[in-house]
Amino acid sequence: MKIGKWIGRAICLLLAGSALQVWAETTKVACVGDSITFGYGIGARETMGYPAVLGKLLGPGYEVKNFGNSGKTAGDYPSQKKNGRWYGDTPQYKDSVAYAADVYICNLGINDTGSWWDARLFEQGYDKLLTAWHKANPKAHLLAWGKLGPDFRGPAGKKAFPGNVFAPDYKFSGTDNGSSARRGDAEKLISRVGGKHKVKLFDAYTAMASKPQWYGDGLHPNASGARRLAEITFAKLVPVLKIKQPVPVMKKEDDQLVISNSGETGILMEMYAISGPGRAVFVFGKDTVLHPGEEIGITLGEKTANDPTEKLCWKVSGTQETDFQLRPLKKPFPSENKVPGQGRD
């Protein structure tokens, strides 16, 4: 009986040790921010919001939690205290600190640019939030949207506003909602306070600003926009977390090159190039991500697309599968898709 009890305890200890090891190996990612992080306007935000899609791209070994709260600000403004505007006063903020994440990704600042804007309070409030997250886990990676997402509610052509666009008509109204004058200042302060905390900043504007169809109300991304935000975020995390990615597989089908991902995590395709006949090289656009279980089809035709969210078409001729090779790059090309020596449309 004693031997049986000893063996039973040993098995329990081994199982407990295995469980602890699995738990310890899980990288915790906290997405903190306002309504865009929350997923406002996305019907199935729990599965199609940007944090949820990011979790699928990161795959096993990562736990991504959504700590978004609509309408919240980085600054603590006295005039907005009764409205509970400051993110630091929310349950989501307290939960994000208690979570002690390995990675914090912050999207705050758009709601600060209203009539209550105060640069000093904005910087002070943002600093308090970053300080708290750093204290929660001193080894955590801190990331933030240094260039805030686009706002289609303002006039076309004005700084920070691609233009006022609302689905399904996408008509420009030219009405400025009042925040354009302060948006640039907010981004500069994010950069300044972020530098103090060694925050890695990334651009959530450029890749989104030409896509009004990704915004139903002019400000909040729909499911397609959220997917793209997740891809941009994943691309930023790949070098930071040294994410191990599957190897993509390419095959030729009629007039297409089909690249598939049978792995459990996303693949950052800008780390690969396709060599074709006549030494032509196809380079993927910035932040092109191949999702787990999905494919990218490259049509061999007349045009070359440089938008990673659109179907790709490569201006090159070749009839044999052996004419094409998919190879990893030691470092990604700095430019968009290109086919050297064959022009660009």
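**Exercise 1.** In this predicted model, classify Lys 286 as buried or exposed, and do likewise for its salt-bridge partner.

Solution.
- Lys 286 has 51% relative accessibility. The cut-off for exposed is over 50%, so Lys 286 counts as exposed.
- Its partner is Asp 287, with an N to O distance of 3.9 Å between the side chains. A salt bridge requires a distance within 4 Å.
- Asp 287 has 11% relative accessibility. Buried means under 20%, so Asp 287 counts as buried.

**Exercise 2.** Check whether the end-to-end distance of helix α8 fits its number of residues.

Solution.
- Helix α8 covers residues 223-241, which is 19 residues.
- The expected span is 1.5 Å times one less than the number of residues, which gives 27 Å for α8.
- The end C-alpha atoms of α8 are 26 Å apart, in agreement with that span.

**Exercise 3.** Describe what lies at the two ends of α8 and how many of its residues are buried.

Solution.
- At the start, a side-chain oxygen of Asn 222 comes within 3.1 Å of the backbone nitrogen of Ser 224.
- Just after the helix, Lys 242 has a positive phi of about 50°.
- Of the 19 residues in α8, 14 are buried.

**Exercise 4.** Find the salt-bridge partner of Arg 227 in the loop between β11 and β12, and place the pair in a network.

Solution.
- The partner is Glu 294, with the closest N and O atoms 2.8 Å apart.
- Glu 294 and Arg 227 are 67 residues apart, and the pair links distant parts of the chain.
- Glu 294 is partly exposed at 30% relative accessibility, and Arg 227 is partly exposed at 31%.
- The salt-bridge network links Arg 227, Arg 228, Glu 231 and Glu 294.

Conventions: Residues numbered from 1 in each chain as written. Predicted model: local features only at pLDDT ≥ 70, side-chain atom pairs only at ≥ 80, totals over all residues. Heavy atoms only, no water. Helix = DSSP H or I, 4+ residues; strand = E, 2+ residues; numbered from the N terminus. Buried < 20%, exposed > 50% of the residue type's maximum accessible area, 1.4 Å probe, protein only. Polar contact = N/O pair within 3.5 Å; in protein donor to acceptor, adjacent residues only side chain to side chain.
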